[in-house]
Each structure stands twice: as structure tokens, then as C-alpha cells.
Amino acid sequence: MKLDPNCRYDQEHEWVRVEGDEALIGITDYAQDQLSDVVYVELPEVGDTFDQGDVFAVVESVKTASDVYMPVGGDILEINEALEDSPELVNEDPFGQAWFVRIAIADPSELDDLMDAEAYRAYVEGLDE
Amino acid sequence: MKADFGIRCSGAEPVIYELSKPGRMATTLPQLDVPQAALPDAALLRDDVDLPEVSELDLMRHYVRMSQLNWAVDIGFYPLGSCTMKYNPKVNEAAARLPGFARTHPYQDVHAVQGNLRLMHELQEMLKEVAGFAGVSLQPSAGAHGELTGVLIMRAYHVARGDMQRTRIIVPDSAHGTNPATTNMAGLEVVEVPSDARGNVDLAALESVCGETVCGLMLTNPNTLGLFEEQLPAVMELIHGCGGLVYGDGANFNALMGIAKPGELGFDVMHFNLHKTFSTPHGGGGPGAGPVGVAELLVPFLPGPVVALCRCEEAGCDCQEEEGVHYHLVMPEQSIGRVRSFYGNFGVLVRAYTYMRALGAEGLREVSEMAVLNANYLKTRLAGVLPVSHQRTHMHEFVVKGIYPSAPDVHALDISKRLIDYGFHPPTNYFPLIVPEALMIEPTETESKETLDAFAAALRAIGEEARDDPELLHEAPHTAPVRRLDEVRAAREPILRWQGG
Amino acid sequence: MSYVPHTDADRAEMLAAIGVERVEDLFHDVPASSRFPELRLPEPLSEMELMAELEAMSEENMDVGHYPSFLGAGAYNHYVPSLVDQIISRSEFYTAYTPYQPEISQGTLQSIFEYQSMICALTGMEVANASHYDGATATAEAVIMALNVARGRRKKVVMSPAVHPEYRAVVRTYTQGVGLQIVGDEVGSRSLHDVASLVDGDTACLIVQTPNFFGQIEDLSGLAEQIHAAKAMLIVVVDPISLGLLKPPGDDDADIVVGEGQSLGNGLNYGGPYLGIFACREKDMRKMAGRLVGQTVDADGKRGFTLTLSTREQHIRRERATSNICTNQALCALAAGVHLAALGRKGLRLLAELCYHKAHYAAAQIDALPDYEVLAARPFLKEFVVRCPVPVSEVNDYLLAEWGITGGYDLGRDYEHLAGHMLVCVTEVVPRGDIDALVEALAEVAEEVGR
């Protein structure tokens with residue numbers, strides 16, 4: 001299982017990478033592996049606002065559609081349009097090219113609710129047992 | 001018995017556009033026998049329409065060859081759980097094609113279509129009798145359409161009473177996906193309740209969600225595990241006790257004809273699947289028919305028009321129609337409205353009517369008894385081969401876990417695909433969701449003991465293959481017209497129409 | 001007769017294997033007080049007796065084969081070539097289920113793919129689904145799709161009063177629980193321009209029909225531009241036969257095209273089973289309801305077909321599915337595909353023209369009668385409105401009783417201002433002699449009943 005030490009994680013397997021007041025959000029390597037081949041990612045519109053824990057995207061494999069939740073609340077500044085034509089990026093490079101959205105963080109204190117990479121690894125290992 | 005697709009169809013069938021050659025045509029049209037009129041302004045017209053051009057023989061061969069790539073009930077066993085793939089009697093087809101039925105227009109005056117209306121009325125009456133309801137509308141055109149109708153009826157009932165806060169529909173976790181989807185379409189909210197260890201609705205969980213916001217419960221009985229709800233009276237009491245209504249998903253009614261009437265069991269509304277229980281063909285995905293039956297209190301809300309019988313020669317009749325007209329189309333007073341154009345899938349109704357008249361009361365009860373006998377017999381024959389989900393007496397179907405203890409890498413999907421090589425259609429896969437690796441098996445009453453024995457033997461043999469040569473299963477089917485299809489590619493780069501070359 | 005193959009010996013062996021004595025023992029979970037109720041149904045009949053009774057029942061009807069009919073209004077008497085019934089009568093097609101196992105359903109899947117392709121060609125759209133129950137429910141599903149494309153943020157729907165009254169009724173039935181404002185058809189007559197002007201920033205879609213319920217061809221040019229400016233969707237209801245001749249709505253930038261496909265290879269059947277046509281743009285396809293077949297390859301790289309984009313559907317998305325639809329009208333879509341392929345590029349055009357010329361001949365003859373007037377200010381295809389000198393029900397009673405002719409549709413049923421107006425439909429199946437008979441009969445009606 002790949003992890004990015006520069007990200008924080010929530011229990012629904014989203015990652016967030018903070019860059020100043022903004023952040024990139026995506027789903028983890030563990031999540032993409034559970035989903036198997038991703039065939040489509042439904043993204044929000046730029047300008048939408050979501051609270052922490054809101055569903056902001058849906059990621060689909062052939063036989064499943066899974067909600068993606070906001071690890072921290074904020075406004076959508078940018079969506080990753082590359083995912084539209086190349087959903088397989090989610091499987092190939094979940095922490096890199098397959099970021100979902102860039103947001104303006106509403107409340108940085110919400111980041112404190114999230115796990116760091118090591119805590120997330122322990123969390124996932126707990127799930128698999 | 002082995003499938004022989006490979007012999008009949010060695011090459012891929014071209015798409016019809018690939019057979020096209022300019023100038024060909026597969027039908028003839030009459031000469032114009034009136035003067036030509038000037039066509040409308042050219043701006044309103046098209047230059048061309050990109051349809052294939054083929055000869056009649058090419059067209060026939062194309063479709064006949066395509067038909068040979070299909071599995072079907074008339075080819076072999078089709079134990080698809082929850083779908084009731086019974087034999088489709090041929091007299092039904094002959095009846096539906098009688099020109100007096102087939103060549104009538106839905107807007108003909110009622111006195112010109114008394115035969116149609118009589119058939120529809122008698123079908124309404126027979127369905128009422130078999131299920132114990134006070135009213136039936138034949139308009140809904142499929143099971144899911146009947147569900148939407150039923151849920152809209154429940155909603156309308158509460159709204160008419162000013163009970164506006166009843167916006168929640170309770171759905172068990174074993175339910176078909178149409179139940180929550182229907183609830184959402186009707187603008188209502190889904191509340192899911194779990195099943196207990198015996199496959200029943202968990203009563204404590206049900207009680208905890210009952211209250212004055214409950215519109216109703218959607219209950220499939222027997223449920224999707226093939227089990228009759230053991231605490232049905234208690235379930236009814238809880239829902240009715242909190243002011244809710246109970247919707248019956250009639251997908252599994254093939255287990256109940258002459259066995260129990262849902263109306264008497266406490267169901268307030270139920271849809272029938274005429275294409276399951278009443279032997280009308282599935283058509284490769286329709287047309288079906290999903291009439292809805294209701295208890296007395298919901299009769300005014302039925303969608304319409306429905307057919308009413310009025311004997312005009314009787315004293316006191318106020319229908320004021322000319323003599324000889326007994327059947328009328330009427331809109332129930334507080335109707336939810338029409339759920340489609342016209343009156344329903346009439347051609348399908350003719351088939352179901354024909355079936356019920358051929359069987360009568362005893363025949364219908366025999367159908368349900370034998371459907372249940374077949375399911376329990378097949379389950380017995382599979383003992384020690386694949387584990388059944390619940391150790392109870394089943395109704396018309398049962399669910400096994402598609403895992404051979406000796407071959408953990410082989411999944412329900414692999415077993416299904418290998419069954420194809422043995423000349424059987426696979427059971428329903430991965431449903432209900434609450435059983436891992438589910439294989440849902442519904443043999444139906446029209447299958448013989450020999451067929452059931454052969455199917456059980458195939459699953460036993462596949463178990464041995466799974467242990468000795470799992471790759472054989474992972475790569476199955478081997479004898480079908482095509483091998484496993486790349487569904488990921490189909491979904492990632494959808495090609496949904498022919499785009500040339 | 002219950003089509004059960006078991007002999008007494010089979011039953012005994014099966015019961016013994018299960019370990020119960022009698023079949024009744026399998027039903028102990030059913031509450032005893034409700035178990036084995038009496039069913040009061042007619043006695044069973046042999047096939048021969050049954051067919052005799054059904055034949056007699058069917059002959060109580062005055063079918064269009066024996067009584068020339070000028071009824072249309074959403075259900076059309078077109079000729080169905082013999083090969084259509086031959087093909088849909090093949091058990092391999094009609095006794096199959098929905099093609100969930102693609103390896104052994106390539107026939108159904110490929111035929112749907114071809115149907116989708118031909119519907120796209122016909123409508124000028126990019127994606128067509130495997131079908132809905134009929135034109136009315138396809139229209140209602142189009143409205144729901146428009147609401148979903150607007151992500152639930154728009155709550156107004158505008159409908160032209162010239163859309164089929166039953167389609168408008170079904171839109172209302174389907175959406176009664178979701179709190180919509182449906183406007184446009186409060187009045188019986190409203191120009192396309194006036195209807196379009198009701199579209200605003202809260203509107204999810206505009207629904208128009210062409211040819212409309214009165215048979216008139218609507219000019220859609222420029223309409224989509226206006227609707228798209230308000231970020232709403234344009235839904236166009238069509239008659240597929242008309243698309244042999246008329247510009248497809250796709251060329252006018254429609255977002256969703258729906259229609260009643262019965263005219264293609266499906267008989268009248270007293271109103272069903274029919275065929276809901278549904279087509280849209282590729283960009284919106286994931287909000288579309290219904291089954292879709294896609295092309296792909298198998299493990300050997302050979303072309304094959306499979307159901308795809310299934311995550312839209314109820315069995316996966318449950319309460320968040322685009323619709324609850326599963327069973328649709330697959331066999332009717334097969335019939336439509338066969339008919340379209342049989343007609344082909346030239347035939348569909350010829351068929352549409354036959355209807356056009358015959359309808360115009362009929363209209364001219366009727367309009368020449370002193371007591372009748374054809375409302376023909378706008379172009380029409382195969383249906384037109386006639387003002388009658390006496391109530392339409394009286395005209396029709398006379399036509400049937402004295403001439404054995406089934407007259408047109410009484411527009412006063414749905415449109416107050418059109419009381420006394422008849423919608424007359426003429427298709428290719430009506431020979432000139434029947435048209436002339438209708439004209440003569442109408443003249444007689446005016447004299448006999450009008451006096």
C-alpha cells in the first residue's frame with residue numbers, strides 16, 4: 001500500500017495535501033485498490049461549497065458507485081479535468097495525477113480531525129484484520 | 001448436455017450497417033394513389049437519414065444468426081433467481097395475435113372494443129381474487145412501474161388525510177434495488193432495516209423506526225432469500241399500528257397462488273409481475289406488465305383508467321350508455337393520475353389472461369406448490385456442494401454462497417460462467433447483497449426432476465474442477481459465442497452506437 | 001393444465017428426498033389462518049376451448065382491419081412487414097431475460113446496439129437507450145433527467161399545451177412527490193414563442209412536440225439557443241415516422257429527444273405494448289435512465305456487446321439511481337429495429353411521404369366540403385384538425401353505424417376551445433377509396449345529422 005507522508009487522511013480513505021490556504025483532495029491507494037478498475041469520476045463544479053464530511057464526488061467502477069467525502073470543508077477552486085478522459089489515473093497514480101479537487105480551506109482547525117500517514121496505515125491494517 | 005454455441009456460430013456477426021449496400025431495401029411500399037402535394041419548406045426537412053440498406057434475405061439471416069447467439073427458456077434451464085423464468089405457453093402468443101385484439105386502436109369508442117374491455121375487466125377480477133384485493137389497475141407496464149404506482153398511491157392516501165409528515169419508506173436490506181430507487185422517485189426518504197439471523201426483518205430494528213413519519217414499508221414476501229417472513233403478523237401490526245401502509249413487492253408471487261392471499265395477510269398494495277408469475281415472456285428485457293392490486297381503502301387512488309362493469313339493462317343503472325355496452329373506462333375519484341399512455345401493455349394482459357383461464361384455481365395452486373417443491377428439492381440435491389444461506393424450508397427460490405470450501409479462489413462469477421459450458425443459464429449473481437458471493441436459484445415449476453438433477457450434478461462437477469483446475473473456471477465460458485467481455489473498457493470508453501468501419 | 005412435468009412418481013421421490021410427507025408440509029411458515037384459501041376462478045379450459053372463447057371475445061371488437069380507421073393521436077396504424085413478426089416470434093429472442101450474462105446474450109445485446117444506433121441516426125442525437133415503456137413515460141423520465149442535470153436546483157418545468165395530453169398527465173403523475181412548478185399548458189392554445197418565453201432561471205426544461213398533438217410541424221430553429229441561454233434543457237417529443245422526412249431535433253440542438261416508437265414495427269394492440277424512445281447528448285449520458293448497450297471486446301479481442309454504464313441503475317445505486325426502471329420494452333425495440341432496417345435509408349423517406357401526400361389529399365377533399373374546415377395554417381404531416389358542423393361524437397357514431405368507418409379523435413375531450421374539432425389521421429395503409437368514402441360520409445353527416 002502506497003502512502004504519501006505529506007498528506008493527512010480521514011477514515012473514508014480520502015487524503016488532503018495542504019498548500020497554504022488551499023488543499024488538494026483525492027482518494028488513497030488503499031481505496032483505489034478496493035474499488036478495482038475505476039471507470040468514471042463524477043466531480044463537483046467550481047464554486048460549489050461543501051462542509052467537512054459532505055459527499056462531493058462519486059467514483060465508479062463497473063459494478064459500484066462510491067461516494068467521496070470532504071476531509072475538510074471548503075470552496076471548490078479547481079477540478080481535475082484529466083480524470084474525465086482518464087479515470088484510470090485513479091488506479092495508476094492516486095496521490096499524484098489523480099487529485100480530485102483543489103479547495104480553499106474554510107477552517108484549518110478541521111485538519112486536526114485527520115490522521116497522519118502512520119496513523120492511517122495503522123487504521124487500514126486494523127480494517128484488514 | 002453441453003452448450004453448442006460454438007458449432008452454430010464460429011464467426012462474429014457483422015453489425016447491420018456493415019451489411020448495407022446503397023440501393024437495397026427489405027420491404028415494399030404501395031404506389032402513391034393520390035396526387036402529390038407540395039412538400040413543406042425545405043428548412044423543415046432533412047436531406048438524408050443514415051439507416052442501413054439491406055435485402056430481405058440478408059435482414060432475415062442477420063437477425064436469425066443473432067438469435068442463435070442467445071440463451072432462452074426455450075433452449076434450456078434458466079434458473080435466474082427473482083426472475084421466474086418459467087415456460088411461456090405458446091397459446092398465449094396465439095391469443096395476443098388474434099387480429100380482433102391486436103388491431104384495435106386505444107381511442108376507439110368503448111362500444112367498439114367491448115371484447116378488449118371484457119378481457120381486461122375479467123383479468124382485474126381474477127387478479128383481485130388470487131391476491132385478495134379490492135381493486136386492481138392494469139396500467140403499470142413493469143414491476144418497477146408498479147412499484148412507483150404503489151408508492152405514489154400510499155403517499156396520496158396520507159396526503160388526502162392531511163398526513164403530510166409521512167415521508168419515510170422502510171425498506172429491508174434484502175430488498176431489490178428498485179425499492180429504494182422507487183422511493184426516491186416518489187420524493188420520499190428511504191429508511192433501511194436489517195434482516196435477522198433467520199432471514200426475517202429484524203423486528204426490534206423495525207420497531208425503532210416506526211412512528212408518525214412512516215409512509216409505509218416495502219416488503220417482498222417471500223423475500224429475496226426465498227424465505228417466508230416468519231413474523232409477518234407482528235410486522236403488519238407494527239406498521240399499521242404506527243399509521244403506515246404495507247407495500248408488497250409481488251416479484252415472488254409465484255410462491256403464493258392458492259397458498260395465501262397477500263390482501264388477507266395484511267398487505268395494502270402489491271404489484272403483480274405478469275411476466276414472472278403469469279407466464280408472459282420476458283422478451284429479452286420486456287415488455288412486461290405490473291398491475292397493482294389494493295385494499296379497499298386505497299381503491300380511490302388507483303391510476304386509471306380502469307375498467308368498470310355496468311349492466312345497463314339493470315334497473316337503477318345510471319351510466320346512460322346505449323344498450324349492449326357493459327364495460328366502461330373510468331378514472332378512480334382520487335386517482336394518482338395516469339402512469340402511462342392508454343391502459344397498459346394490453347398484449348401482455350391478453351397473454352396473462354389466457355394463462356389464468358387455462359389453469360384455473362387448481363392449476364394456479366399447483367404452480368405454486370410445484371415451484372416450491374422444485375426449489376426445495378434442488379436445494380436438497382445441492383447439500384454438501386454449496387452452502388445454502390439459511391437452513392429453513394424455502395419457498396420458490398433459495399440462495400447459496402458461491403464458494404466451494406476446497407477452492408477459495410473461485411468466485412460465484414466463475415461458477416456462473418462455467419455453468420454456461422455445461423448448458424445452463426447461471427443463477428442470479430451477487431444478489432441479495434446481504435449474502436456474500438450470492439447465487440440465487442429459482443428453478444420454477446415447469447422444470448422436470450431430470451433437469452434439476454442434471455443441474456445439481458453440474459454444480460457438483462464444477463466443484464471438482466474448481467479444486468483441480470481453478471483456471472478452467474476463471475477463464476470460463478469456453479463454449480459460448482464470445483468469451484468474457486471487457487466491461488471496464490466498455491464503461492471507460494463507451495461506444496454506444498455504430499460509428500462506421 | 002399447469003405446464004408442470006411431474007409424474008406422481010416424481011413428486012413422491014422429490015418429497016422423500018426433501019424429507020416431508022406432503023407438499024402442504026412445505027408451507028408451515030405461512031400463517032395457518034390464511035393458508036390455502038379458496039380461489040373462485042373460472043374452470044380451466046383446454047387450449048381448443050380457450051382459443052374459441054378468446055376468438056369470440058376478440059370478435060366483439062371492431063378492429064381496424066374491418067373498419068377503416070382515421071384515428072391517430074399517439075397510436076398509429078402503419079403496416080408492419082411480415083418479417084418483423086417472424087423475427088420477434090423467435091423464442092431465442094422472446095423467451096430470454098434481460099441480457100445480464102453477455103456471453104450468452106449477444107443476440108439481444110447486438111440487436112439493442114443496432115436499435116440504439118438507428119435511433120441516434122433518426123433523431124440526430126448521440127446516445128439512445130434500450131427503451132422506456134412508452135412515449136409518455138419516456139417524456140416523464142426526460143423531465144426527471146433534466147431535474148438531475150440541474151442537480152435539483154431548478155424546480156420549474158415548462159410544457160407546451162400542444163404536447164400529447166396523456167404525456168403531460170404522466171409527467172404530473174411521476175413528479176407529484178417532488179414539488180415542481182409545471183407551467184405552460186394552463187391554457188389550451190399557446191404559440192411556441194409564448195411557451196418558450198416562460199423559461200427562466202429556475203426552469204429545468206421546456207417540452208415541445210413535433211409534429212405536435214394537432215399534427216402540425218413545429219419550427220424549432222433558434223429555440224434551443226433561447227432555452228440554453230437560460231441554462232435549461234430542450235426536450236422534443238417526436239413521431240419516428242415523421243423523421244424520415246423532417247429535420248431531426250438533434251440538428252436544432254435539442255438536449256433530449258423522446259417519442260412513441262409504436263409506429264416502428266409494433267401494432268396498435270389497444271395501446272400497448274408500445275415503445276418509449278429516448279435519446280440525449282453524450283455529455284449528459286450518465287444522468288440518463290434505462291439500459292444502455294456498449295461495444296467492447298472479449299478476452300480474445302473479438303468484438304462483443306455488453307450492458308454498460310450500469311452504475312446509473314437501481315441495482316447498483318439504489319436510492320440514488322437515475323430511475324427505478326429495469327424491465328423495459330426490449331422486444332418492441334427489436335421490432336422497431338427490424339422495421340427500420342427493412343425500410344432503410346430510402347424506405348423510411350418514402351413511407352413518410354406516402355403519409356404526407358395521402359393526408360394532404362384527405363385534408364383538401366374535406367376542406368372542400370361546405371360544412372367543414374381544415375385548420376391548415378401551418379404545415380402538417382399525417383394528421384390535421386377538422387372543424388365539424390356537429391359534435392364529433394355524433395359524427396363518429398354516424399360514420400361507424402352507417403359507413404363502417406372509425407372517425408378521428410375528438411379534440412374537445414382535452415381542449416375546451418376545440419369542441420367540435422376532429423383530429424384526422426391518414427397513414428399509408430389507407431387507400432384512396434377509403435379516403436373518398438370518408439369524405440362522402442362526412443358530407444352525408446352534415447346533411448343528415450346537421451339538419
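Biologist: Before we start, what counts as a contact here?

Modeller: Contact means heavy atoms within 4.5 Å. Keep in mind that this is a predicted model.

Biologist: Okay. In chain B, how much of the contacts with a separation of 6 or more comes from residues 24 or more positions apart?

Modeller: Those residues account for 72% of them.

Biologist: And how many helices and strands does chain B have?

Modeller: Chain B has 15 helices and twelve strands. Its radius of gyration is 26 Å, and the globule rule gives 23 Å for 501 residues. The two values are close, so chain B is as compact as a globular protein of that length.

Biologist: What box do its C-alpha atoms fill?

Modeller: Roughly 80 × 75 × 45 Å, along the principal axes.

Biologist: What share of chain B is buried?

Modeller: Buried residues make up 65% of the 501. The chain still exposes about 16,000 Å². Carbon and sulfur atoms supply 49% of that area.

Biologist: Switching to charges. How many of each sign does chain B carry?

Modeller: There are 40 positive and 62 negative side chains in chain B. The centres of the two sets lie 5 Å apart.

Biologist: How many salt bridges are there over all chains?

Modeller: The count is 67.

Biologist: Let's look at C:Arg153. Which residue does it form a salt bridge with?

Modeller: Its partner is A:Asp48, with the closest N and O atoms 3.6 Å apart. This pair crosses between chains. C:Arg153 is in the loop between helix H6 (135-149) and strand E2 (156-159) of chain C. A:Asp48 is in the loop between strand E4 (40-42) and strand E5 (49-50) of chain A.

Biologist: Is C:Arg153 buried or exposed? And why?

Modeller: C:Arg153 counts as exposed because its relative accessibility is 54%, and the cut-off for exposed is over 50%. A:Asp48 is buried, with a relative accessible area of 8%.

Biologist: What about C:Arg40, which side chain does it meet?

Modeller: C:Arg40 meets B:Glu129 in a salt bridge, 3.3 Å from N to O. C:Arg40 lies in the loop between helix H1 (8-18) and helix H2 (47-58) of chain C, and B:Glu129 lies in helix H5 (residues 114-131) of chain B, so the pair joins two chains.

Biologist: Which of those two is buried, and which is exposed?

Modeller: C:Arg40 is exposed, at 60% relative accessible area. B:Glu129 counts as buried, at 12%.

Biologist: Now C:Lys382. Where is its salt-bridge partner, C:Asp239?

Modeller: C:Asp239 is in the loop between strand E5 (233-238) and strand E6 (256-260) of chain C. C:Lys382 sits in the loop between strand E10 (373-375) and strand E11 (383-387) of chain C. The two are 143 residues apart, so to speak of distant parts of the chain is fair. The closest N and O atoms of this pair are 2.8 Å apart. Both residues are buried.

Biologist: Which residues are linked in a network of salt bridges?

Modeller: A:Glu42, A:Glu60, C:Arg286, C:Lys287 and C:Arg317.

Biologist: Last topic, helix H12 of chain B. How many of its residues are buried?

Modeller: Nine of its ten residues are buried, so-called mostly covered. Among them are B:Ile415, B:Leu419 and B:Ile420. Charged ones are listed too, including B:Lys417 and B:Arg418.

Biologist: What do the buried residues of H12(B) pack against?

Modeller: They pack against strand E11 (428-429), strand E12 (438-441), helix H13 (449-468) and helix H14 (470-474) of chain B.

Biologist: And what comes just after H12(B)?

Modeller: There, B:Gly423 takes a positive phi of about 85 degrees.

Terms used:
Residues numbered from 1 in each chain as written. Chains lettered and ligands numbered in written order. Predicted model: local features only at pLDDT ≥ 70, side-chain atom pairs only at ≥ 80, totals over all residues. Heavy atoms only, no water. Helix = DSSP H or I, 4+ residues; strand = E, 2+ residues; numbered from the N terminus. Rg over C-alpha atoms; globule rule 2.2 N^0.38 Å. Buried < 20%, exposed > 50% of the residue type's maximum accessible area, 1.4 Å probe, protein only. Areas by Shrake-Rupley, 256 points an atom, 1.4 Å probe, with all protein chains shown as cover. Lys, Arg positive; Asp, Glu negative; His and termini not counted. Charge placed at Lys NZ, Arg CZ, Asp CG, Glu CD. Salt bridge = Lys/Arg side-chain N within 4 Å of Asp/Glu carboxyl O.
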